[in-house]
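User: I have a model open on my screen and would like a close look at a single part of it. Could you walk me through the place where the ligand sits, and then how the parts around it are put together?

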Amino acid sequence: MKQGQLAVISGFSGVGKGTVIRELIRRNPEYHYSVSATTRAPRPGEVDGREYFFLTQEEFDAWEAAGAFLEHARYASKCYGTPREYVRRQREMGFHVVMDIETDGAFQVKRSCPDAILILLIPPSAADLKERLVGRGTENREQVIARLLKAQAESKLAERYDWLVINDDVERCAQVIHRIVNGCGRPEEDRATCLEIVKQISLDLPKILKSL
Ligand code: 5GP
């Protein structure tokens, strides 16, 4: 059986990765979501084993020591990691595996699985990103600041992604990702324009951070 693809989706906090991934899976049952482990606390409505495996620091360290993670990274003072076995098994069964992970982890995955497809979701603008992140109301001011600072650092890494996709519409974005995974990425998805948007966002972020 043909091995499934590995689609690694990254993007600034608040860009809407979760919503786009849910839409992708809803439309295409051949995708399976890689549930990560984390030491951060669950948000209201999040269920252990569905959004994340919520672990204590000791549990996370034990998983890491046992080599259970395909990749792992720290993000805003918390640990996140991808359980290795699930990804391997699903791909072996022919399912495409989709991951929502930050940049350090994405590059670790690319090193161990060179055929992984790295996709960066970008917001239409920095103001839009702030609106989404502050608007969802799940983080306090310090957490919003930490996440925007991380976005600033991540914006420097955009060029290392195979594909950049603007999340201006959830359905369109899910369709674009599906085409990319199937080797039919849109030639009209203009990489230069996307990189220009990312550059503008990194210029705008300091002003936004000051205003918080
Ligand atoms: P959140 O706390 O908002 O759910 O996620 C914070 C960040 O951690 C997001 O950028 C998300 O993509 C990333 N993330 C989630 N799971 C993993 C993981 O298993 N590994 C890595 N490296 N990053 C992850």
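Analyst: What follows starts at the ligand and works outwards through the two sheets and the cores.

Bear in mind that this is a predicted model. There are 16 residues around the ligand, and those that come nearest are Arg40, Tyr52, Tyr80, Asp100 and Glu102. Some polar contacts can be picked out too. A polar side-chain atom of Arg147 is 2.8 Å from one of the ligand's oxygen atoms. Lys17 also has a side-chain N or O atom 3.3 Å from an oxygen of the ligand. With Ile101 it's the backbone: an N or O atom there lies 3.4 Å from a ligand oxygen.

Let's stay with Lys17 for a moment. This residue belongs to helix α1, which covers residues 17–27. Is Lys17 buried or exposed? Its relative accessibility is 14%, so it counts as buried, the cut-off being under 20%. Beyond its neighbours within four places in sequence, Lys17 is in contact with Ile9, Ser10, Gly11, Phe12, Asp100 and Leu121. Asp100 is also one of the residues that come nearest to the ligand.

Now for the sheets. One is an open sheet of five strands with parallel pairing, in the order β2-β7-β1-β8-β9. The edges are β2 (31–33) and β9 (163–166); each has a single partner strand, so one side of each has no neighbour in the sheet. From one strand to the next, the twist averages 30°. Inside this sheet, β1 (residues 6–11) and β8 (residues 117–122) are joined in the parallel sense by five bridges, and Ala7 has Ile117 as its bridge partner in β8. Helix α7 (residues 170–181) packs on the sheet, where it touches β1, β2, β7 (96–100), β8 and β9, and its direction makes about 160° with that of β9. Helix α8 lies across β8 and β9 and runs at about 70° to β9.

What about the nonpolar side chains? The largest nonpolar core has 51 residues, and Leu6, Val8, Met99, Val109, Leu121, Leu148 and Ile177 have the most contacts inside it. Helix α8 (residues 191–211) gives the largest share of this core, with seven residues. Leu121 is worth clicking on. Leaving aside neighbours within four places in sequence, its contacts include Ile9, Phe12, Val15, Val20, Val165, Cys173 and Ile177, and Lys17 is on the list as well. There is also a second, separate core of five residues, among them Leu55, Phe60, Phe69 and Cys79.

The other sheet is an open one of four strands, ordered β4-β3-β6-β5, and its pairing is mixed. Here β4 (52–54) and β5 (69–75) are the edge strands, each with a single partner, so one side of each is left without a neighbour in the sheet. The twist in this sheet averages 25° from one strand to the next. Strand β3 (residues 36–38) pairs with β4 in the parallel sense over three bridges. Ser36 has Tyr52 as its bridge partner in β4, and Tyr52 is one of the residues that come nearest to the ligand.

The loop between β3 and β4 is where you'll find Pro42. Pro42 is partly exposed, at 47% relative accessibility. Although Pro42 and Phe54 are twelve residues apart in sequence, their C-alpha atoms are 7.0 Å apart in space.

At the other side of the order, β5 and β6 run antiparallel and are joined by six bridges; one bridge pair is Glu71 with Thr82 in β6. Five of the seven residues of β5 are buried, so the strand is largely enclosed by the rest of the structure. Helix α3 (residues 84–92) lies across β5 and β6 (78–83), at about 30° to β6.

Finally, have a look at the turn. β5 and β6 form a hairpin with two residues between them. Most residues other than glycine have a negative phi. Ala76, in that turn, has a positive phi of about 45°, and Ser77 has a positive one near 70°. Both sit in the loop between β5 and β6. Ala76 is partly exposed, with a relative accessible area of 37%, whereas Ser77 counts as exposed at 56% relative accessibility.

Methods: Residues numbered from 1 in each chain as written. Predicted model: local features only at pLDDT ≥ 70, side-chain atom pairs only at ≥ 80, totals over all residues. Heavy atoms only, no water. Core = buried A, V, L, I, M, F, W, Y, C linked by side-chain atoms within 4.5 Å. Buried < 20%, exposed > 50% of the residue type's maximum accessible area, 1.4 Å probe, protein only. Contact = heavy atoms within 4.5 Å. Pairing = 2+ DSSP bridges. Axes fitted to C-alpha atoms, helices over the stretch in contact; angles between N-to-C directions. Near = heavy atom within 4 Å. Polar contact = N/O pair within 3.5 Å; in protein donor to acceptor, adjacent residues only side chain to side chain.
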